[in-house]
Structures are given as structure tokens and as C-alpha cells.
Amino acid sequence: MRKALSLVVLLVLALGLASALRGPSIGAEANRGELLDDQKVNFGRRYNSRAVEETGASNVVASVLVTYRGLDTLGEVTVLFVAALGLAVLLHTGRDRKSGKEAEAPSLIVFTGCRFVFPLILLFGAYIFVHGHLTPGGGFQGGAVVASGFLLIYLGCRGRQPDRQRLNAVESLSGVAFVVIGLIGLAVGGSFLLNFLPKGSPYALLSAGIIPVVYVFIGFKVGCELGGIVADLSGARR
Amino acid sequence: MSFLADYVHYIGCFALVLIGLYIVLVKTNLVKVIIGINLIDTGVNLFLVSVGYIRMGTAPIFSEDGAAGKQMVDPVPQALVLTAIVIGVSVVALGLSVAIRLYEHYGTLDLRKIRELKW
Amino acid sequence: MVTRIIHIVLSPLIALVVAVFLLGLSRIVIARIHRRYGPPIYQPIIDIIRLMNQQSISHGTLFELGVVLALAGSIVTVLFIPLGGTNAPPGSYPLAHGLLCPLSSSGGLLVVIYLMLFGPVSIALGAGASENPNASIGVSRKMLLALAYEVPFLLVILAIMSHYGTISIAEIVSRQQDSAWGVFSVPLSAVAAFLILPAMLGIRPFDLVGAPQEIASGPLAEYGGRYLALLTIQNGIQVFVVIALFVNLFLGGGVNVITFLLKVFAVFLAAELVSAVLPRVRIENALRFCWTWPTGLALAQMIITVVSR
Amino acid sequence: MLPTTILIVAFGSAGFVYLAGRVHARVRDTLAVLSSLVLVGLIGLGYGAWREVVYVPDFLGLELVLRLNLLAWFFAITVAAVVSLSTIFSLSYMRRKESANFHYSATLAVEGAMLGTVFAGDLLSFFIFWEIMSWSAYLLISCNRGRALEAGLKYIIMSLVGSCAMLIGLLAMYSGLGVLSIPLVAEGMQAASPGFVLLVLLTFGLGFGIKSAMVPLHTWLPDAHSEAASPFSAVLSGVLIKMGIYGFVLLMYVVVGLKLLLGVGAGWLTFRHILCWLGAITVVVPTFIAVLQSDAKRLLAWSSIGQIGYIILGLSFGTSLAFAGAIFHALNHALCKSLLFLAVGAVEHNTGGVRDLNDLGGLAKRMPVTFACALLAGLGLIGIPLTSGFVPKWLIYRSLIEDGYPFLALAALIGTWGAILYVYKLLHNIFLGQLPEKHREVRRAPLSMRIPILLLGLGILVFGVVPGIPLRAVQDIGHTFGLAQLKVTLWGLGSEAGALNMLNICLAVVIAFAAAFLLLRLGAKGRAVDQEDSYAAGSAVPVGRYHYTVDFYGPLSRMISPYLRDRADEFYYWLAARGREIADLTRKVYTGYAGTYVLYIVSFLAALIFLQLVWHIW
Amino acid sequence: MVNPILLIAVPLGLGFIIPLLGLIWEKPTRYVPAAAMVFNLAASLLLLPKVLQRPWVVETAGLPPPFSIHLVAGPLGVGLSLLIALVGLLVAIYAIGYVREGPVAKYHSLYLFLLTGATGMVLTADLFNLFVFFEILCISSYALVAYHGDRAGTESSAKYLIQGAIGSSLVLIGIGFVYGLFGTLSMADIARNIDSVSPMKLFLPMAFLITGFGVEAAVLPLNAWLPDAHSSAPSSISAILSGIAIKAGLYAVARVLFTIYGADTIALLVLVIGILTLLVGEMSAFSQNNIKRLLAYSSIGQIGLIVFALGLASALGVQGALFLVVSHALAKSLLFLSVGYMIYRTGSMEISSLYGMGRRMPVSALCFTIGAFSLVGLPPFIGFPAKFTVIMAALERADPLFTALVGVVLVGTVVEGAYFFRIVQGLHFRPPPESATPARADQEEAPVSALVPICLLAALIVAVGVYPSVLTHYLGPAARDLLDKAAYIHHVLGP
């Protein structure tokens, strides 16, 4: 009954979607031809054509992410932060409880291997977020890589945990730093998240103004947050 | 057939969304429901990306040998997807932690049995 | 003014005399029907004088006040009821011409309806002030009986008032003298009124209020001596008032006091004749009776009146 | 500024009295009595100083106006007088009761709201004060606890229904006419379509009908009036339901106007006729239900409905006689019913909370003043001549008869007989007959209870003998509404046929009384014996156990009680039960299962899409 | 002059600081949300007169709209942020004493983020940015609902999360469509081009957006999470969820409907949905025994009324809706806050266990009464002018259909009155249950930190109820802000 009903409802949904997608398609593909008159703006084409000169970053996605839609990114960071906080709140009492049975200690090879790989992963992560404005990748991706390093530690080197307090401190600090950078922009140029640093020449590491700076903070932040989430989840295991 | 060919990416991502929705609607295990949500997220993300997709387009990254802006795909959906992924991750993480707590309280993840709050 | 004062003094006196006479008459009539000789017609006067001289008990102010108020109410009622005469030009000799009704212009029939409440309510209060449960039972019956006959009575009165389009009794009387009597213009009402007459007079078959054999005379249980004397007078006047009203409403009043009183006697006799041959009913039956035939007739008359207007 | 000052005093003192109560009970009592008396004084001063005052210049873009005119003054002085007497009464009644603080404070608030209602110069302020009155009265009813809670709930829910209806009417008026100031609205209504007028009449009529407890909207009243604290019952029955009457006056004579009112409806089925007949039913049925009651306050409550019937009958009849009768009767009923409630309250106070008529008796000797005044009030309720009840009833009857509505008149007159029955039952069962043993220790009521009772009794007597005083005001009010002028004299009405002269009646009664008294003095003196010294069938009646009260009108009640079920009340309860069932069914929507919830969401989306696919709603 | 972006940035920054502060010294963290809200309150107050003349379009990253995310601080946005700051501040003060157990610093941080999310939603002029702030709001409320970690809290959090996640996915699909159609995310820009696309292509994203945001806005079939979440959250959170969070969702729906789509054609549909929501909410509340669940259902009812008013799609109707938003925000937070300590003292949410509270906690009970009366719409409380305006707007049509609909709406009011009056009686006039331990009155009343916000809210309710014109001066422009699509486009994008 429920299944049949669900199927019917989903069918209607699918029909609606199909009818909306039919005809001149939506999306960049459809907009590539001169379908829209000049009065209409198109973010994608605008950014693709102007981003490099406006921000100095060769990765347009990065410039969109940090400058054009910087507020989104700030919000996104906040969402992650909120999720981490929420996780901590939810698992607050659970964490104090000792887990029922101790997990088996990993073998020496795994232990050593993990310890060996861990800094390399961190380094790779750092590379990704430092070069975010030049190559594919960026703060989030780099942060995720960093967090995977933490995950490795949890899996491979049980008993060794990064200091939660320090992780939290880094998280908060980088969050504050992001806001402060935005506010500096406001103070300097009257506009939040203004790219107030010199843009440098494209394709150089030290270019694109605040983008790499923000990316570094985001990288730290995301890495710590995801690491914290992993830590919370693993600690709450019964 | 041409519809299929032209819209295969849309069909694919909406199929994911619908499958995810079906899971959420029909499955009673909370973890499976979260998986369903995750599937929906994935489908939506794919949809966003395909909105910005241009046939034979390149990534919106300039390099020193120079590629024309016209052939680049739309960078905005990519940025949006990045945000959406993070949000999805957050929701899923929170959902899992809730599932953990719920299991502590109820000893089950069957949503049909977790119905103390009703009416 | 002098006429007026004469009237004011005269009407209650007439009422008083006639009332006492009516009481005596009643006893004779009933005795004769029972094939007894019966007391002399002045027996009530003897009774009253005897009672006035008898020592009695009193239960307090309200107990006494009830009696006084009842009598006062009855006397006042008389002042509002024309006792014969026509609406002749003022100044002529009061008894031969002119309406014998000192307060004809003060509220008319509606006031009379209210003033007729005065007596029963006062007696009820006075009786209630004693502690005798029989009195309470009697009062309760009196109230219900009053309600029983009041419904058809009000219908009758309303039918007449709306038939003549006035609330003034004097006006109604003069209209009857000009044209047909009420018995003929509102016949059903007249029948209804006659049917409830025994109830209004408190005589058999509706003497359940007093019912000496059952509840020791009911409201009068605790009254004796001068109080009972006054109450006897009050009862007589009340009887007179009711019949006078009947005469005024249905029999065209009287062109002078004499004819009026003759009509009163006639009506009283008729009522007594009916009453003498009937046994006492229970209060339920009284209610049921009053609310069926008299009410039905009065209602029919009223509908006819309203429709024909 | 006088109306504003009056309201400020009323509401301000409501607050201060509460605070004072936290300091000391005596301070509170003094303050409460003083401020209620000050209000009487202020309103008294306002006589003749008719004016309009804007007190809030901008409330949602509207001007809120207070105005003082004769109509408002008439009702205001009644309200203030009754409330101040009730407050004085409360001094003993509420002493050492825990809710006393709240009682005084809320009574003053209710008074303020009632005064605001009558002073309101525009319909919005009218509505605002009306609502404040409703809820503060609700609190005050509920404050008596116990069964009063249900009564209060019933009252406020019905009030809420009424005020919702009023709100519709009010705003329909505003959107139709663009103004809410009463004179302007009245002007605008003259050009309105009949349907619109009917809408206004129905919606406002519902609100006023509920407040004034017109059958079949009366069902809150018996509970509320009987369960509230007695001083407040007096206010409720005495003046609060008169606010509904005030509303009817305002609606029918000012806002809609008599000329328009007579034209609403067709043939016999006019608004006015329907209201007349509702009034007639309101007179008869509740009166006889009152006869059946055995709770003193419940009896009085039902009697209130019956008396309201007269007022509505008179108002809807719309002749100058009937109008005068109705307004006069409002005053009369305010006096009589407050007095009776206060008297019953005094009895309740003295006997430790007994108000079951079957449990009382013989108190006349113990509480003579209370009894005498209650008697007066009872007679006033019946409408015995020389009480203030006579003239208004006479006016209404006469108007009904002379205009050829004998059936309505019959209803009114039968109602009077019913009134005799219940008044006597009340008085007899409480004050007359045997004194039950448990009430041997009852003492007379305290002074603070006797004073308001006495004053009210005096009022009944004065307005009964000299009906010209209120009658002149009433006929002036009627004159401003375009009703024909009456020939009012100090002693009654002068006219050719069927005039009324209370002086004559009064003199006649006095003379007759004197005569009867003389006659009595002629006889041998009676021997005073104790009340209990009575005999039946030669033996002494046992004392203290033979008070004939239970089933006082047994034969009658057996006969009529099957027909006198409060069907309206049953219907509302039935409605409420069905509503509750539906509500309980409704909330089953929230099943607690998350999958269903998601299904709702997806279905909603699918439904939207389906609508668009099939009907192209966009 | 304060830049409106600070309304978002400052609380956000402070929100990040709280955990840091918590590591060092936990005690002062509880004052941070209050401080942030004081700033927001002051800033909004400063901004309000200015934006009333002309909305302030704020760009970020130094680019003119629509190419970067921009905020529009119009009368509506700033007005709502003022409301958020006000209620947020009072609830934050309440929480100082109320939240004592659990990870307190995290609570305050999450709370601040919740408010920031709401503020961001009402200020932003970018569809995707709206979604991001929406997510901040949602995720922090998922977490806060389960703050106590008890059975009910977790369960409701799970359900809320599932439904919320579905809702936000739907929003995202809608946004994807919109971007695909218009290549832009600026609401003004979308609105400008809205007519260039065929109806079905337009309707689908609208349906997705409305459904998605509607989950948070709690309109009829989408509100199943609400009674659970609002009843099992800590009372301070219930207050803010009922007072602010739903309104933010509603704001999103209204923006989509009115500003982007200018949807007059489906106004009737909205109207009907509103009425259904109202009826179902009130009826479900009718025989509830759990006080917080009852309040939650009553919130649904009020939302229904607001949606009804929005569905009128007239200036007066929207003004009435906004008035209701304010009145409901104040009254419902007052109710939740005042009931919070009662529940705390009795340890039970059964209505019958609250009997006799009028004696034990007189001030709280009095304020509860004021809030309840205001919700029912009795003068002289703020609910009256609000309801009055809505009904005025509905009857303005002078259409029998609308008169009948108003009748139905008022039925809802009567039902609401019925249960609120029952509770008020219970609070003041019923004897306390047997189990209640009689204690000294001064021990039982809520602490000062709770009484201050409660009394302030009550005072506001009465003050605005008596002088509604202090509010109506702002509501008119705010309603125009929402309804007048052309002016909005003009302000953001220039002529």
C-alpha cells in the first residue's frame, strides 16, 4: 500500500520533471547559444570572461567561491561548524561512557604505516588548499584530505588521538579569521569580503589577493572539523 | 531516443533523486533512510553540475597556454555543488549521530517503533 | 372632586356589602341543593363579628401584614373596576349616571390584572410567615391553581382587549353598551371565562387550596380571630371583583349600579350551581383541565379575533 | 475629558487595588469602595455635559472616540451604581477569601470595560471594551473555582463566538462604509443595501444576543451567574448582560436606525418580528425553567434570562411605549436582580455557603432587612404596582396589546405568572416556613451587606412610586432616536385612553391599607406567639423538620419538565462533543512515523505538480 | 552608519568565538549571544529609519549586483531582523539562567548561529545564499532540539532532520532549475526575467522551492515535525523555533511567491492551504494534554492564519500577516518561556500538573495569561490589532466567499480560545495536583534572569496592543517591500 502510493507519487514527480525538462533545455548548454538577450545576465559567462582580471585567480571556481560568492562559503563553513557543534552536543553524554569492549590493537605494520603516511597526507592536503586558486581543489578539498589523515590515525593508531581542544581552537580561530578578513574588506573598501590584498600576477602562487589566505583558513577549519566529527563519531561507538 | 541521448545526465541524476526518495518513503531503518537522503543529495549535486555542463566543455580553470572562456563549463554550479556537498555532509553526519543516540535510547533504529511522539 | 371622593368611598362599601351578601347566599344555595335548610343569609356577618372578638395568635409582623395587605389589595382592585353606570358627562349625579369607577383612567385592565395578584401574594407571604407546613402546601397549590386559570384568563382578557383595541375597562364597557355584549361578540372567550370561574373564585371543584379536610384550610391554617375575619372579607371582595370583572367584560356592565349588581348575582348563582354538584379535583387535574378546554376555547377566540381584525 | 478620566480612574484603580491588596486588606477595601463611589460621582457630574473626546488618535488608522450622551449616561450610572453597591457588599462577603485581591481588582476592571463600552463613540472602541469586558468577566467568574470553572469556560467561548461574529460585522461595515464612528456609520447605513444591513444585524445581533442571553443563545448564563461569587453575580445579572441590551439599542436604534430596521425582511418574516418572537420565547421558557430550579442562584439566573426577554421584546417592538418600557425595565431588572443576588449572597454568607433552596427556610426572622428588601425586589421582578417593575411591564404590555400583538402580550403576561411562582418559591424556601435546625445560629447580615441591599430596595420603591424620574430620561433617549414623545408626568403617563398615574394607585393603596389596618385594629388583639408555635390537627407541628420545600411545585414540574429541557444547551454540548471527536480525528494525521511525514511532503509536491499538469493553475 | 552586513558578520564572528572562549573560561560564554543580539538590536534600530526611505543594497566582494551576493536591507528585512534580535535577545537572557546542564558553551554558540541564519535569510537577496542561511538555521535547530539528549528530544530531532533534509534537497533542486533557466541567482534578476520562460518550466522550480521552504514554514502537510520538535526542545529553543524559525521559513516562501514569482494566480491556493493549516493546527491542539505540544500546535494554527493573510495578496493582507508575525513571535515566545520554568519546577509537561501555578509562580502565570489572550486576539493585547488587520484585509474584498472564509478562520480562533481559556483557568483557579509539594512562594517563582525577558515580552505585548500605530508605521512599507516586485527590482538592479 505504502509502496504503491509512494510509486504513484514519485511517478507524478517524474512526469513533472520530465515535462519541465522537455523543449529547449535548461542550463548552460541551452544558454550557450544566444538565447538570452543582452539585458539578461549570466553568471557563468560573466565569471568565465572576467574573473581572472577581477580576482587574479586562474581557477574561476575558486574565485567564485571566495569572492563572488564568498558569503555562501562563509555560510557553508558555518554549516559545517554547526554540524560539528551539533554532533558534539548530541554525543556529549555518550562520549563519557567507556565503550563496552576495547577494540583490538592494530598490528605494528599498520601502526607504523599509518604514522608514516599521516604527515604525507597532511602535506598533500596543505598543498591542495594552498594551490586552490591555481589548480583544481581548494580549501574544502584540502581540508577533506587533511581529515582523512585524522581518520587514518583513528583507524590505525588507536589510543592516539589528536587533542580535541586544540582542534576546536583551530576551528574557531580560523572561523573568526575568515570573518575578520571579510570585515577588513568592509573597513578598507566598504564591502564585505572585498579582495583587498594585491592581486599579483595570475598563475603565480602569491596571487589572487585574499583567496589563498581564505583557502588556508578554510582548509584548516574543514580539516579540523571533519577530524572532530570523525573523532566524535568514533568515540560515541558502543 | 534523442530525448534519452540529450537528457541522459538529467535522467540519471533525477533517477538517483527518485530512488533516494523511494528509500526514504519506504524503508523503516533510520540508517537506510539516511542513506536515501545521501542518495538524494548526490542526485541533486549531479543535477547542479549538469546544469552548468556544456558539451565538450573544459574545467573553468585558466592556464598559461590559455583556453577560451566559451568552451569552459559554468563555474557557478560547481561552486554551488561544493557548498551543497558540505551541507549534505553536515546533515548526514548529524543524522548519524542522532541515529547513535536514538539507538541508545530505543535499542532499535526501526522508525515504525520510534513513535513515542505522535498526535 | 367631591364626586370622586364619594366614589372612592362608595365602591369599596358596595363591594363589602355585596361580598358579605354573596358569601351568605352561597351557603344558602349550596344548602338548598343539598336539601338542607342552611344558615341565614346574614350568617357571615355574625361569623365576622364573632371572629373579631375572638382572641387569636399572631406569628409576627409579616403574618399580620399579609392579612392587611391582602385586604388592601382587594379594596384597591375594586377601585379600578366599574361598578355600573355609563360614561355620562361628568357632573351629573353619580349613582344614577356616570361610571362608578373612581380610578378608571389609571392603567385599566392591565393594572387590574396586577392588582388581583396583590391579595393571593399577600396571603401567601403571611401564611408563609407561620411555620405550619400545611400553609405552605396550600400556598403552593394556590400558586399553581392561579397559574392554571391565569393562562386561559389572560387569553380571554387579551382577546377582549384586542377585540376592543383598548386596555381601559370603562371603554370596553361603554363599547358593549353601544353594541353587542361581550358574550355575543367574543362568545368562546365568555365560555372559557365561565369555565374557569369556579377556579378563580376558589370554590368547588377547585377548592383544593383551602381543602379543610386535607390540609387544615391550607394558607388559613394558622389564622384565627380578627385575621380570619379580615381574610373572610377579603375572600368575599375577591369573589366580587372576579364576578364584577366577568360582568364588565362579557355582560356589558350595568347602566347603573342596580343592574350591575343584579348581573353579578346572576353570574354568581350560575357559578355556585355548577360548583355545588361537583367534587373536589386534585391540583394536577385542575392544571390539566384549565389548560385544555378553557385554554383551547380562549385561544380559538383569540385567533378569530386577531384574524378578523 | 470626563469619559477618559472615568475610564482612567476605573482601570487605574483596578491595578492599584490589586497592589494595595498585597500591602493590606483594609487599604484595598477602602480603596476599592472609594474608587467605585468616585466613579458614581464622576458619572453623576457628567450629566448634561454631553461631549465627544478623541482618546487614541491613531489606532490602525482609526480614531478612537469616547462620547457621553444621555443614553450612555443612563447605562453608565446604572453600571456604576450597581458595581459600587456590589463592591460594598463584597467587604464582608470577600473578607478573608483568598481571591479577594483579584475579585476587587477585576470587578473594577469589568466596570471600566462596561463604562468604556457604553461611552464608546466608535464601533472599534466599542468592540475593544466589549472584549475586555468579556475576558475580565470570564476571569472573575472562574475565580470562584470549582464548578465556576466550567461555567466560565462556557461563558467565554460563547462570548468569543459572539465577538467573532461582531468582528465580521464590524469589519464588513468598515470595508463597506470606510468609517467606524457611530454617527457616520449610522449615516452610511441609510444608503446601504438590504443584504448588507441584514449582515450587520445578524452578526452584531449574534454578539449582543449571546451577551444578553437571548434564547437560544442563553446557555452560558445559568451556569455563569449561579457559579460566580454572589457580588459578581449581581453585577453580571444586574448590568453586564445589560451591555448586550445596550448593544441592541445601539444597533437597532442608532446604527441601523428605526426606519431601516422596520424594512429588513419581507412580510411577516422581518428581522423585527423574529426578534420579537425570540424575545417572547425568552420570556416564557426560561421563566418556567426557573420555576423548576432548586438552587437559589440558578433560579435567579434563569429568571434573568426571562426578564431579558421582556427587554428584547420591548426593544424589538420599536414603538416609543415599548422602547421606554424596555429601557426602564433594564433599569428595574438591574436593581431587582442585583438586590436578589446580593440577598442570596448574604444568606449564603450567613449560612456558610448554603444556597440550595431545599436546605434553607425560616430566615425571615433572622435576617429581616434582607428579607424585606428581597421581597421588594421580588415584587419588582413580578411587576407589582408601586415597585419599579410595574411601569415598564405595563408599558410593554400596553404597547403590545394596542398594536395588536396579543400573542406576544400573552407570552409576556404568562411570564409574569411564572415570575410570581419562582419569586414566591425563592422567598418562601429561604425566608419563610420552618427554620431548619442547622440554621438556628444564623445572625443578621453585617452592615456592609445590608446597606447596599437597603439602597437598592429604596431605589425600587422610589422608581416605583415616582416612575417619572427614569421615564423622562428614557423618553428623552427615545426621542433622540426619532421615537414619538410620550406624555411623561412625574407620576406616570398622561394620555386620553389608558393613562397611568402612579400617584392615584399609590394613594389608593395607602388609603386601602389604612382602611384594612383600621379594620384589623377593630378586632380583638392577637397574642404574639413564636414562629414555631403552630399546630396541625390539634397537635403541635414538630419543629425544624417540616419545612415544605422539596418539590415545591411538584404537580407543575412533573407536568412541564419534560417539555422544558434546555435543548439549546444540549445542542451546543452535542456540537462540542462532535467537534472534539473531529479534532481528535484530525490530529491522528500526525502519526509519529517519519516515513508518513515524508510522504506528506512528497505528496504535497506531487499534488502541486499534478494540479499544474492537469489544470494549468499557473 | 552601520552596514547591514554587520548584522550577519558580527554574530557569526561571535559565534565562532564562543567555543574558543569556552575552552578558556566557560562562564562568560552565556552572555555572548545576548551581547550579539544587543548589537543587532541597536544596529537594526539605527538602520530602520534609513531603510524606510530607501532600501540599502549591500554588495559583497566589491562588485555591483547582481554579480556578487548582495543583501537588500529593506524595511522588511531590517524589520524582521529587528524582531529576530529582540526575541533573540530576550530568549538569550532567559537562557543565561535556564540552560545549566550539558555543553553550555556549545548551546550558546548554536543558538547564536540559529539567529544568524534567520537574520541572514531575511537580509539576503540571493537565492542560493538564502538556502545557505536556511541550512544554518535548520542544522543548528536539529542539534538544539536534541540538546538535552533525552528520548523525546532525540526522536524529534531525527524526524525533524529527515524532513528537513528532504526539504532542503527539494529547495536545491528548485535552485538548480532556476539557475538553469536564468543563469542568475539574484532574486531581483530572476524576478526581472520571470516572464521570459514558459509556465511549466517556471512552475516546477516554484513548486520545489515552496515545498522545500514550506517544510520549515510548517504549512499544512509539511509541518509534521513541528509539534515534536517544538515540544521536546528546551523551552528557550522552543520559544525561538516558534517565534523566529518558522517565520524565517515563511519569509522564504513569501519571498519566492511574491518577489520572485509575483504569484497572484495561486493566491487562492495559498489561502486555502492557510485555512487548512489553521484548522488542523487548532483542532490538533484542542485536546492536547502536553502543554508544549499544545503550544506547538497552536503555532501551526497561527502559521495558518499568517499564510491565509499572505494569500490575500493585498497590501493590507500582507501587512496583517507581518503584524501577526510580530504578535505571534512575541506571544508564543512569551508562552514558551513562561511555561519553561513551570515545567522545570513540576517536572512534567502535563497540563494538569500545571494547575495551581498561579499561586506558586504568579508572575509567570500572569504573563502566560497575557500571552494566551494575545494569541486568541483579545484586546488590549497585540494579537488583537494583528487579527483585526487580517480580517479587515479579508473583508476588504467585499466578496461573500471571503466573508465565509473569514468565518472559517474565526472558527479556528474560537477553538484556540477554548483551549487557551481552559489552560488559563487551570493555571490560576484550579487546585494544584496532590503530588505538588507546597513550598514557599518566593522559592518557586522563576529567577530574575527569566522574569526579565518574560515581563518585557508581556509589556511589549500590551504596549503594542494599546498603541499599534508604533508598529503599523513600519509594517506598511515592509508589506510593500514584499509585494512590490517592480520596486524591489528597481532598487537592486537600478533602472
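Just after helix α3 of chain A comes A:Gly56, whose phi is positive, near 85 degrees. (Helices here are DSSP runs of H or I with at least four residues, strands are E runs of at least two, and both are numbered from the N terminus.) This is a predicted model, in which local features need pLDDT of at least 70, side-chain atom pairs count only at pLDDT 80 or more, and totals for chains, interfaces and linings use all residues. Residues are numbered from 1 along each chain as its sequence is written, while chains are lettered from A and ligands numbered from 1 in the order in which they are written.

Back to α3(A), residues 43-55: its 13 residues put the end C-alpha atoms only 15 Å apart, short of the 18 Å of a straight helix (1.5 Å times one less than the number of residues). There is a bend of about 45 degrees at A:Ser49, taken as the angle between axes fitted to the seven residues ending there and the seven starting there. Among the buried residues of this helix are A:Phe43, A:Tyr47 and A:Val52; buried means 20 or more other C-beta atoms within 10 Å of a residue's own, with C-beta atoms placed from the backbone.

Over in chain D, strand β2 (residues 62-68) is mostly covered, with five of its seven residues buried. β2(D) runs antiparallel to β1(D) (residues 51-59), joined by six bridges; strands pair if DSSP finds at least two bridges between them. D:Val54 sits opposite D:Val65 in β2(D). Two residues separate the strands of this hairpin, and D:Leu60 in the turn has a positive phi of about 55 degrees.

How values were computed:
A residue is buried if 20 or more other C-beta atoms lie within 10 Å of its own, exposed if 12 or fewer, and partly exposed in between; C-beta atoms are placed from the backbone.
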